[in-house]
Amino acid sequence: MLAPKKLMKKINRRQFIALAGAGAGGAFILSQLWKKVNSSQISLKPAINLPSLHKSNNGLLSLNLEASYSSVKLGNQQAYLLAYNGQVPAPRLEANPGDTVRIRFTNNLASPTNLHQHGLHIPPTGSADNVFLNIQPKETFNYEFTIPKNHPAGIFWYHPHRHGLVAEQLFGGLAGLFVVRGDLDEIPEIKAAKEEFLVLQDFALDGEGRLIDSSAHMSIMSGREGDLITINGKPTSSFSLPAKGLLRWRIVNASPSRFYRLSLENHPFYLIAIDGNTLAAPVEMSELLLTPGQRVEVLIKGDKEPGQYRLLNLPYNRGGMGMMGGRRMMGGRGMMGGRGMMGVNSNAPTVLATLNYDSPVKTVPLPTKLLSVPTLPKPKQVRRFELNHGMTPGVGMAFLINGKSYENQRIDTRVKLNTVEDWEIVNTGVMDHPFHIHVNHFQVISRNGKPESLRPWRDTVLVRRGETMRIRIPFRDFTGKTVYHCHILDHEDLGMMGNLEIVS
Ligand code: C2O
Ligand code: CU
Ligand code: CU
């Protein structure tokens with residue numbers, strides 16, 4: 001149902017502060033909001049030993065995938081999480097362009113769920129990347145889709161996408177990589193590099209390793225963050241870099257809300273791909289900011305003094321309820337303890353991993369050229385999307401796109417297949433919002449009116465508070481209904497999503 005416009009009271013910043021500062025009252029509204037989210041878990045699955053990598057064979061990738069509440073080891077630490085096939089992160093899937101993918105998926109969670117293939121250019125309908133499926137507990141669904149022959153090679157990932165439960169299920173641990181192999185892997189210097197995958201996740205666990213029910217906390221407004229950060233399911237990791245060689249890190253931020261701002265001691269990163277799209281040439285970066293949902297690929301040169309170097313997570317302030325106008329509104333501390341305010345990485349850098357030099361190899365140079373990056377003609381159609389939060393009737397505090405909270409049945413944007421559009425995404429709120437679109441990737445054309453010099457393709461872009469981002473997007477190959485949303489998944493669950501229909 002479409003809510004009448006006059007009832008849609010937008011609240012201003014001062015009212016918002018008042019509400020945010022309402023303490024118990026605010027928390028009460030939120031707990032009401034989240035009552036519908038049933039996080040009670042059922043039967044616990046013991047750790048199982050299934051393969052953690054599934055590769056396609058003769059054009060077919062076929063596997064069983066089961067989501068369940070599982071006993072999992074995070075390094076030495078015992079935890080009880082939501083897992084695909086008992087593993088956190090979930091098994092890595094690998095396929096080639098043109099391959100068929102069949103996933104026999106069983107939901108053994110206590111709540112409905114589904115599977116989203118983040119970043120893959122496949123149909124949004126039927127048994128493919130259909131986020132409108134509502135797979136009930138104990139139900140099995142057969143996913144099947146084909147990866148287009150011209151699909152870019154890169155890193156994509158899968159996670160639940162049942163509206164209202166996305167943040168909770170992802171925060172439970174449900175996320176895995178989907179790798180498309182191809183031309184990028186064949187560039188000689190990249191082929192010679194040592195390849196590592198880094199899945200970044202964070203968890204909020206109690207003393208027994210059980211998931212803390214985050215929905216009861218104010219933190220869901222900023223987006224839930226946990227103070228246990230893992231890479232590939234381990235709280236402490238070390239990687240090795242062949243001296244004189246190249247290390248290729250393929251990184252995904254699979255956290256529901258946490259931003260990572262990565263830097264590596266004494267080593268710049270050479271960015272080669274974003275969100276599964278290869279750049280024209282490597283770009284030197286001293287640090288990498290990864291919002292939820294985003295992926296980057298970097299090369300690291302083993303040309304420094306052999307030794308040990310630390311991978312750091314630097315502070316980043318993404319705004320939020322606890323930080324309005326620079327004041328703390330929640331009595332100073334984030335609800336999960338330890339890490340200070342929600343929405344702000346701790347004030348000091350933290351160590352995520354160490355990198356150790358390994359014995360030398362024959363020198364591998366950086367590639368000078370990668371793949372060509374096509375651009376699009378300037379379109380006639382321009383649309384505007386305003387990101388903010390506010391009160392909505394029947395819902396209370398919600399996150400809004402163009403003043404509206406998400407409605408399953410409403411089509412917010414209708415576009416024509418085989419057309420190109422410019423979308424202007426305007427963040428008028430007090431928090432940063434990473435904006436994500438399903439099925440088709442886009443290019444950033446300008447930020448705050450300033451043309452973007454480098455235009456890599458991507459599927460998620462950070463729109464900082466106060467910022468205006470212009471993106472250019474083609475609608476190719478597939479018709480049907482899909483979504484765009486903020487990838488702080490609590491914001492998505494709280495309404496910051498719209499339905500996009502692509503018509504022929
Ligand atoms: Cu990674 Cu709609 O999501
Ligand atoms: Cu997605
Ligand atoms: Cu957001």
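**Exercise 1. Determine which spacing the donors of the copper ion (ligand 3) follow along the chain, and which parts of the chain the two histidines connect.**

Solution. Step 1: in this predicted model, the copper ion (ligand 3) has donors arranged along the chain as H-x52-C-x4-H. Step 2: the histidine pair is placed in the secondary structure. H433 belongs to strand β25 (residues 433–437) and H491 to helix α7 (residues 489–493), so the two residues tie together parts lying 58 residues apart in sequence. Step 3: the coordinating atoms are identified as ND1 of H433, SG of C486 and ND1 of H491, at 2.0 to 2.1 Å from the copper ion (ligand 3). Step 4: accessibility is assigned. The cut-off for a buried residue is under 20% relative accessible area; H433 is buried because its value is 0%, and H491 is buried because its relative accessible area is 0%.

**Exercise 2. State where R181 and E94 lie and how the pair is linked.**

Solution. Step 1: R181 and E94 form a salt bridge in which the closest N and O atoms are 3.0 Å apart. Step 2: this pair joins distant parts of the chain, 87 residues apart, with R181 in the loop between β9 (176–180) and α4 (183–186) and E94 in strand β4 (residues 92–95). Step 3: R181, at 18% relative accessible area, is buried, and E94, at 5%, is buried as well.

**Exercise 3. Classify R384 and E386 as buried, partly exposed or exposed, and describe the salt bridge between them.**

Solution. Step 1: the closest N and O atoms of the R384–E386 salt bridge are 4.0 Å apart. Step 2: R384 has 47% relative accessibility and therefore counts as partly exposed. Step 3: E386 has a relative accessible area of 16% and is therefore buried.

**Exercise 4. Locate R472 and D422, then name the members of the salt-bridge network.**

Solution. Step 1: R472 and D422 form a salt bridge, their closest N and O atoms being 2.7 Å apart. Step 2: R472 is in strand β30 (residues 468–474) and D422 in strand β24 (residues 420–427), so the pair ties together parts 50 residues apart in sequence. Step 3: both R472 and D422 are buried. Step 4: elsewhere, R92, E94, R181, D185, E195, R248, R250 and E297 are joined into one network by salt bridges that share partners. The structure holds 31 salt bridges.

**Exercise 5. Describe the surroundings of L205.**

Solution. Step 1: L205 sits in the loop between β10 (194–203) and α6 (219–222). Step 2: its relative accessible area is 15%, so L205 is buried. Step 3: leaving aside residues up to four places away in sequence, L205 touches several residues, among them L74, Q77, I212 and L228. Step 4: the C-alpha atoms of L205 and G226 are 7.7 Å apart, with the two residues 21 residues apart along the chain.

Technical notes:
Residues are numbered from 1 along each chain as its sequence is written. Chains are lettered from A and ligands numbered from 1 in the order in which they are written. This is a predicted model: local features need pLDDT of at least 70, side-chain atom pairs count only at pLDDT 80 or more; totals for chains, interfaces and linings use all residues. Side-chain values use heavy atoms; hydrogens and water are left out. Helices (H or I, at least four residues) and strands (E, at least two) are DSSP runs, numbered from the N terminus. Buried means under 20% relative accessible area, exposed over 50%, partly exposed in between (1.4 Å probe, protein chains only). Contact means heavy atoms within 4.5 Å. Donors are N, O and S atoms within 2.8 Å of the metal (3.2 Å for Na, K and Ca); water is not among the atoms, so sites may look incomplete. A salt bridge is a side-chain nitrogen of Lys or Arg within 4 Å of a carboxyl oxygen of Asp or Glu.
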